[in-house]
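Q: Could you walk me through this structure? I'd like to see how the pieces are put together.

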Amino acid sequence: MVTSKPHAALLASPGMGHLIPMVELGKRLLTHHGFHVTIFVVTTDSATTTSQILQQTSNLTSLNIVHVPPIDVSDKLPPNPPLAIRILLTMLESLPFVRSSILSTTNLPPPSALIVDMFGLAAFPMARDLGMLIYVYFATSAWFSAVTLYFPAMDKKLIESHAENHEPLMVPGCEAVLFEDTLEPFLSPRGEMYEGYLTAAKEIVTADGILMNTWQDLEPAATKAVREDGILGRFTKGPVYAVGPLVRTVETKPEDRKDAVLRWLDGQPAESVIYVSFGSGGTMSEDQMREVALGLELSQQRFVWVVRPPCEGDASGSFFDVANGGGDVALNYLPEGFVKRTEGVGLVVPMWAPQAEILGHPATGGFVTHCGWNSVLESVLNGVPMVAWPLYAEQKMNAFMLSEELGVAVRVAEEGGGVVRGEQVAELVRRVMVDKEGVGMRKKVKELKLSGEKALTKFGSSHHSLCEMSKDCEVHVQGS
Ligand code: UDP
């Protein structure tokens, strides 16, 4: 049946950390704002985790999910390409399928808006050609979004001074980015990554609108800075909306918990377990794994730890193949006797765990996280304080925000890029789980949880933002 409701096409780039927030945005547009929603899922393989996540998503019958046939770009890449290059190329290759699929839509009105993340900018010409509004969805903080939107207007001398003299990078209306927390492209202002990021930022500001997975009360300064009337608002063509927190929060009833980890958690006291996970792609060296194991033992706390086979020198080593198993192989890298010694106190889960359910479980009391934004939001929305252990991308900025601004995390101290020792791991875990400091963090994070929930209510700021965005789409539909 063809109706006049707007139809949004969402293009999700490879990686669970990209797919999950796109699906949550799609669900929100469908259930609260009357959109028809099609989600194009781009994968590099027939990833089983992707299918599982999509199966767990409610409203699947009304969300139109289109799987782009798996794309293999390996023969087009240079040796050891940066993660971003592989994702960008995969997205580019997906476009002919996406275009023909949009053009052959018959059971729904043609999509009037295209929503892409930072990796989907190559779809802009297609969307313009098909008369669609273009939205870029930053599934991350307003602070990172602000840095990106301001980037084309930044004085290059300031960036050079940031890179060479380690001066903080000033962003009007926002917290400055410290050199220790900076983004990789800013490290070499003459490098390829810098140029690529700059080209992307110049494209993003031309979108009809920008969405960010955050909320006003979490980041009052940065969301104000990027608003239409804000200090950075003049750098974007369209409005910038904070629409979050859009996360999978899954609370299962004890009788419905089939997963072994969740059943184990059922037997543990409230807020007594620290969950340790480095996102969908995070991996560490073998030495570092041993130190984490040591730290967990020394901390004398209950734990659930998601382990992956080590990947020397590549912190995002599992990004593409987390779903492809590796299975129990990861366990071979743990110290001799670790699993036996910690039996009953801790659980080691190879490769992938039901994170949303774990963080939502009453037994979980802390989270050692790499600070991927989805993990951060999932932790906050479950009122769980964190040990911030950033690995790559904008995670160091997220760690700064959590520990320095919001006071809901303690942060791992980098020791010259070397291995973080078990003693430090144990100390940080105990600060969150046992010490008085942890009690304060728990209180603050529970306040943030309430504020995030409020933003999504009928009178909340994020709900209001998506109402504004949907009005823009309706006007566009009527005008076309
Ligand atoms: N995730 C999960 N199980 C795992 C690891 C990750 O369910 O074992 C989910 C996690 O809940 C989050 C997403 O994968 O929703 C990871 O996104 P995030 O932004 O935290 O990090 P990224 O993987 O993009 O670095």
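Q: What is the strand order in the open sheet of seven strands?
A: The order is S3-S2-S1-S4-S5-S6-S7, with parallel pairing, where strands (E, at least two residues) and helices (H or I, at least four) are DSSP runs numbered from the N terminus, and two strands pair if DSSP finds at least two bridges between them. The edge strands, each pairing on one side only, are S3 (64-67) and S7 (240-242). From one strand to the next the twist averages 20°, with axes being lines fitted to C-alpha atoms, for helices over the stretch in contact, and angles running from 0 to 180 degrees between N-to-C directions.

Q: Before we go on, what kind of model is this?
A: The model is predicted, and local features need pLDDT of at least 70, side-chain atom pairs count only at pLDDT 80 or more, while totals for chains, interfaces and linings use all residues. Residues are numbered from 1 along each chain as its sequence is written.

Q: Back to the edge, then: how many bridges join S6 to S7?
A: Three bridges join S6 (residues 209-212) to S7, and these strands run parallel; the bridge partner of isoleucine 210 is valine 240 in S7.

Q: And which strands does H5 lie across?
A: Helix H5 (residues 142-150) lies across S5 (133-138), S6 and S7, and runs at about 150° to S6.

Q: What about the sheet of six strands, what order does that have?
A: That open sheet has the order S10-S9-S8-S11-S12-S13, with parallel pairing, and its edge strands, S10 (346-350) and S13 (409-411), each pair on one side only. Its neighbouring strands are turned by 15° against each other on average, direction ignored. S12 (residues 386-388) pairs with S13 over three bridges in the parallel sense, and valine 387 has valine 410 in S13 as its bridge partner.

Q: Which strands does H16 touch there?
A: Helix H16 (residues 422-433) packs on the sheet and touches S8 (273-277), S11 (364-369), S12 and S13, with its direction at about 145° to that of S11; contact between two residues is taken as C-beta atoms, placed from the backbone, lying within 7 Å.

Q: Now the domains: how is the protein divided?
A: It is divided into domain 1 (7-248 + 458-479) and domain 2 (255-452), with bounds that come from an automatic or database domain assignment. Their centres, taken over C-alpha atoms, are separated by 27 Å, and the contact takes 32 residues from domain 1 and 27 residues from domain 2. On the side of domain 1 that touches domain 2, H1 gives the most, with four residues.

Q: What does H1 do with H18, in terms of angle?
A: The axes of H1 and H18 (residues 461-479) come within 11 Å and cross at roughly 80°, which means that H1 is roughly perpendicular to H18, a label for angles of 65 to 115 degrees (under 35 counts as roughly parallel, over 145 as roughly antiparallel and the rest as oblique). Arg28, Leu29, His32 and His33 in H1 meet His463, Leu466, Cys467 and Ser470 in H18.

Q: Last topic, the ligand: which residues come nearest?
A: Gly17, Gly279, Ser280, Gly372 and Ser375 come nearest, out of 18 residues around the ligand, where near means a C-beta atom, placed from the backbone, within 6 Å. H14 gives the largest share of this shell, four residues, and the shell draws at least three residues from each of domain 1 and domain 2.
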